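User: Please take a close look at a single helix of this model and at what surrounds it. I would like one connected account that then extends to the aromatic pairs and to the charged side chains.

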Amino acid sequence: MDLVIDASIVFTGLTGVGITKEIIFSDVIVLYSPEFLFDEIDKYKSRITELSGLSKQELEIILNKLRSRIIIVPREKFENFLATANSLISDKDDTEYLALSLSMNKLPIWSNDLHFTKQSVVKVFTTSELTHVLKSLGYTFSPS
């Protein structure tokens, strides 16, 4: 299953110990994101270490794994879709995720941000919905 992943999901995966991290690192999905994703994460490294309990070194190890896990798409690959995405979504910080999705034949987005649900052009999965879909496809999650 291919998905566009937004920063809020990555932050949750980095700071939590739940199912989000397991899904991010599972082999059953392929993740795409705009190139600014890691710039956003870099801005909040100290907050992430504070919330996660990870050392800076541990966080860097996980970020390196994420960099090899998430396929980063350069802005020029989806910039022709930015105006359309901008007209569909109220939170302009998330326009690039929607534009990327549109440029990839409306690839579903994985996000828990409610403003994504106010548009009906692209399917958006919350973590809860994605968990349900993956279970229905036979994926088994590790016991918590």
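Analyst: Helix H7 is mostly covered, with eight of its nine residues buried. The buried residues of H7 are Thr95, Glu96, Tyr97, Leu98, Ala99, Leu100, Ser101 and Leu102. The model is a predicted one, and the values below are computed from it.

Two of these residues deserve separate treatment, beginning with Ser101. Ser101 is placed in helix H7, and because its relative accessibility is 0%, below the 20% limit, Ser101 counts as buried. The side chain of Ser101 reaches the backbone oxygen of Leu107 at a distance of 2.5 Å. When residues up to four places away in sequence are not counted, Ser101 touches Val4, Lys106, Leu107, Ile109 and Val122.

One of those partners, Lys106, is found in the loop between H7 and S4. Lys106 is not a glycine, yet its phi is positive, at about 60°. With a relative accessibility of 47%, Lys106 counts as partly exposed. Asn105, in the loop between H7 and strand S4 (109-110), also has a positive phi, near 60°, and is likewise a residue other than glycine. Most residues other than glycine have a negative phi. Asn105 has a relative accessibility of 74% and therefore counts as exposed, whereas Ser101 in the helix is buried at 0%.

The second residue is Tyr97, through which the helix takes part in an aromatic pair. A search of the whole structure finds two aromatic pairs. In one of them, Phe11 and Tyr44 are arranged edge-to-face, with 5.7 Å from centre to centre and 90° between the planes. Phe11 belongs to helix H1 (residues 7-15) and Tyr44 to the loop between helix H3 (37-43) and helix H4 (45-52), so this pair links distant parts of the chain, 33 residues apart. Tyr44 counts as partly exposed because its relative accessibility is 43%. The pair that involves H7 is formed by Phe36 and Tyr97: the ring centres are 5.4 Å apart and the planes stand at 55°, so the pair is tilted. Phe36 lies in the loop between strand S2 (30-34) and H3, while Tyr97 is in helix H7 (residues 95-103), so the pair ties together parts that are 61 residues apart in sequence. Both Phe36 and Tyr97 are buried.

Outside the helix, two positively charged residues complete the account. The charged end of Lys123 sits over the ring of Phe125, 4.8 Å from the centre of that ring. Arg69 is placed in helix H5 (residues 56-69). Arg69 is buried yet has no salt bridge, and Asp27, the nearest side chain of opposite charge, is 5.4 Å away. That distance exceeds the 4 Å limit for a salt bridge, which means that Asp27 does not count as a salt-bridge partner of Arg69. A polar atom of the Arg69 side chain does lie 2.7 Å from the backbone oxygen of Ile29. Leaving aside neighbours within four places in sequence, Arg69 is in contact with Ile23, Ile24, Phe25, Ser26, Asp27, Ile29 and Leu31.

Conventions:
Residues are numbered from 1 along each chain as its sequence is written. This is a predicted model: local features need pLDDT of at least 70, side-chain atom pairs count only at pLDDT 80 or more; totals for chains, interfaces and linings use all residues. Side-chain values use heavy atoms; hydrogens and water are left out. Rings of Phe, Tyr and Trp (its six-membered ring) pair if their centres lie within 6.5 Å; planes under 30 degrees apart count as stacked, over 60 as edge-to-face and the rest as tilted. Helices (H or I, at least four residues) and strands (E, at least two) are DSSP runs, numbered from the N terminus. Buried means under 20% relative accessible area, exposed over 50%, partly exposed in between (1.4 Å probe, protein chains only). A charge sits over a ring if NZ of Lys or CZ of Arg is within 6 Å of the ring centre and within 35 degrees of the ring normal. Lys and Arg count as positive and Asp and Glu as negative; His and the chain ends are not counted. A polar contact is a pair of N or O atoms within 3.5 Å; within protein, one must be able to donate a hydrogen and the other to accept it, and residues adjacent in sequence count only if both atoms are side-chain atoms. Contact means heavy atoms within 4.5 Å.
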